[in-house]
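Biologist: Hey, can you walk me through this one? I'm new to reading folds, so keep it plain.

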Amino acid sequence: MAAVTPTVVVSARGEDRLNAGHPWIYRSDLGDVHADPGDVVIVRNPRGRQLGHALYSSRSQIALRMLAAGEEVVDETLVRRRIQAAIAFRETLAIDATAYRLVHGESDRLPSLIVDRYGDYLVVQALSQGMDRLLPAVVSTLTELLHPRGILARNDVRARLLEGLDQRVDVLAGDVPDAVAVTELGIGYEADLRRGQKTGLFLDQRENRAAAAGYARGRLLDCFAYHGGFSLVLGRRCDEVIAIDASEEAVARLRQNAQRNAVAVDARVGNVFDELRGMERLGERFDTIVLDPPAFAKNKAAVLKARAGYKEINLRALKLLAPGGTLVTCSCSYNVGEATFGEIVYEAAVDARVAVTVVEKRMQGRDHPVLLAAPETYYLKCFILRKLA
């Protein structure tokens with residue numbers, strides 16, 4: 001008896017979404033489903049016409065993630081071509097770092113797959129049922145093309161719980177040490193691939209750090225500093241650096257990185273909201289301030305509270321900023337769009353009774369490209385502002 005090809009029928013609304021180029025179909029737009037969790041399925045419209053192939057999830061609200069349109073065959077050769085193309089694109093970027101993103105999910109037409117490079121090691125994340133099943137083909141291709149010394153799966157992220165998948169960290173090939181030495185913009189770091197944030201470091205801010213360094217001077221205050229990405233790059237141009245993070249572990253690593261790079265940093269453990277208010281009471285002034293908080297709005301329900309949080313830290317920072325000084329302010333909350341973030345910063349400036357100009361509007365690095373049809377892939381906003389005298 002011939003095997004039945006996994007198939008999913010989508011609604012007319014789902015078909016319209018695909019025709020507009022978005023790679024996701026939500027569960028509410030599914031019709032008949034003949035598939036097992038994680039299958040690569042044929043996607044058909046209500047009239048039976050084949051729309052393409054997708055990864056099917058039996059648990060997530062994102063039920064389909066499109067891999068190919070029309071009649072294009074989906075197999076290991078397709079996965080290999082997509083990975084090759086992603087790697088080739090990064091090679092054109094002349095990235096000034098040994099740690100950067102090689103595969104950025106939907107934007108590289110490999111939905112829910114993340115691959116980051118840390119020197120001779122790779123870290124992968126499979127964020128859906130379907131990509132989890134494709135991991136052997138991914139690892140085989142990466143091994144063949146890049147010959148890494150080791151490949152680590154950082155499959156310990158919350159997104160996997162939404163897919164009904166285990167959260168785990170596994171060595172998939174070779175050996176992976178506890179710490180890997182990497183460089184970015186001439187600064188050396190030690191990345192903890194097993195326990196560090198994201199896959200070890202925040203790789204998406206590299207180009208924003210380079211841009212911000214062109215404006216950095218005088219006293220620098222780096223808030224939500226983590227391992228010191230902004231502190232160390234900008235600190236080379238500043239007279240004094242104060243860095244704040246709530247994590248004792250992060251601050252300890254920041255101090256080690258500062259010592260390694262011979263950059264003087266006063267690294268402090270503290271709640272940024274409290275520290276900003278305390279510095280304001282003391283009449284502190286800074287020439288350069290960086291705000292790079294974690295995502296305040298991880299879902300739509302959290303947007304209202306996130307707005308208040310973003311406004312508070314920007315208001316306090318603008319009051320601490322000396323006239324003529326530079327504020328680098330960021331949001332990595334997808335649910336707070338660029339226009340909304342701009343409104344929040346404007347409202348903070350009004351309440352602070354200061355005039356500011358936008359010097360640059362920036363986004364995540366070019367190795368984290370945005371798929372124009374999928375606004376969800378544009379998550380990092382970075383404004384470089386000048387406080388007028």
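**Strands, helices and a few odd loops**

Modeller: Sure, and keep in mind that this is a predicted model. Let's start with a pair: strand 18 (residues 321-331) and strand 20 (residues 381-387) run antiparallel to each other, joined over six bridges.

Biologist: Okay, and which residue is the bridge partner of L327 in strand 20?

Modeller: That's L385.

Biologist: What holds strands together in general?

Modeller: Strands of a sheet pair through backbone hydrogen bonds, and they can do that either parallel or antiparallel.

Biologist: Got it. How many strands form the open sheet with strands 18 and 20 in it, and in what order?

Modeller: Seven strands, in the order 16-15-14-17-18-20-19, and the pairing is mixed. At the edges you find strand 16 (266-269) and strand 19 (356-363); each has a single partner strand, so one side of each has no neighbour in the sheet. From one strand to the next, the twist averages 15°.

Biologist: What about strand 17, is it buried or exposed?

Modeller: Buried. Strand 17 covers residues 286-291, and six of its six residues are buried, so the rest of the structure largely encloses it.

Biologist: And who does strand 17 pair with?

Modeller: One partner is strand 14 (residues 219-223), in the parallel sense over four bridges. There, C223 stands opposite L291 of strand 17. Strand 17 also runs parallel to strand 18, with five bridges joining them. L291 turns up here too, opposite T329 in strand 18.

Biologist: Which helix lies across strand 18, strand 19 and strand 20?

Modeller: Helix 10 (residues 338-352) does, and it runs at about 25° to strand 20.

Biologist: At what angle do helix 9 and helix 10 cross?

Modeller: Roughly 45°, and the axes of helix 9 (residues 303-320) and helix 10 come within 8 Å. Helix 9 and helix 10 are therefore oblique to each other. Their crossing is right-handed.

Biologist: Which residues make the contact?

Modeller: From helix 9 they include R307, Y310, K311 and L318, and from helix 10 they include F341, I344, V345 and A348. Taken by type, the residues of the contact of helix 9 with helix 10 split into nine nonpolar, two polar and six charged.

Biologist: Let's switch. How many strands are in the sheet with the order 7-8-9-10-11?

Modeller: Five strands, again forming an open sheet with mixed pairing. Strand 7 (99-104) and strand 11 (168-174) are the edge strands, and each has a single partner, so one side of each is left without a neighbour in the sheet. Neighbouring strands here are turned by 20° against each other on average, ignoring direction.

Biologist: Do strands 9 and 10 run parallel or antiparallel?

Modeller: Parallel. Strand 9 (residues 121-126) and strand 10 (residues 150-155) pair over four bridges. For a spot to click on, try Y121, which stands opposite G150 in strand 10.

Biologist: How do helix 2 and helix 3 pack?

Modeller: Helix 2 (residues 76-91) and helix 3 (residues 129-146) pack at an angle of about 45°, and their axes are 10 Å apart. That makes helix 2 oblique to helix 3. Helix 2 passes helix 3 in a right-handed crossing.

Biologist: Which residues meet there?

Modeller: On helix 2 they include V79, I83 and I87, and on helix 3 they include V138, L142 and L145. The residues of this contact come out as eight nonpolar, two polar and three charged.

Biologist: Loops now! Where does S107 lie?

Modeller: In the loop between strand 7 and strand 8 (113-118). S107 has 17% relative accessibility, so it counts as buried. Leaving aside residues up to four places away in sequence, S107 touches P369, V370, L371 and T377.

Biologist: And what is phi of R109?

Modeller: Near 60°, a positive value in a residue other than glycine. R109 is found in the loop between strand 7 and strand 8, and it is partly exposed, at 45% relative accessible area.

Biologist: What about phi of K198?

Modeller: Near 55°, which is a positive value in a residue other than glycine. K198 lies in the loop between strand 13 (187-191) and helix 5 (206-213), and is partly exposed with a relative accessible area of 43%.

How values were computed:
Residues numbered from 1 in each chain as written. Predicted model: local features only at pLDDT ≥ 70, side-chain atom pairs only at ≥ 80, totals over all residues. Heavy atoms only, no water. Pairing = 2+ DSSP bridges. Helix = DSSP H or I, 4+ residues; strand = E, 2+ residues; numbered from the N terminus. Axes fitted to C-alpha atoms, helices over the stretch in contact; angles between N-to-C directions. Parallel < 35°, antiparallel > 145°, perpendicular 65-115°, else oblique. Left-handed = near helix turned anticlockwise from the far one by under 90°. Contact = heavy atoms within 4.5 Å. Nonpolar A, V, L, I, M, F, W, Y, C, P; charged D, E, K, R; others polar. Buried < 20%, exposed > 50% of the residue type's maximum accessible area, 1.4 Å probe, protein only.
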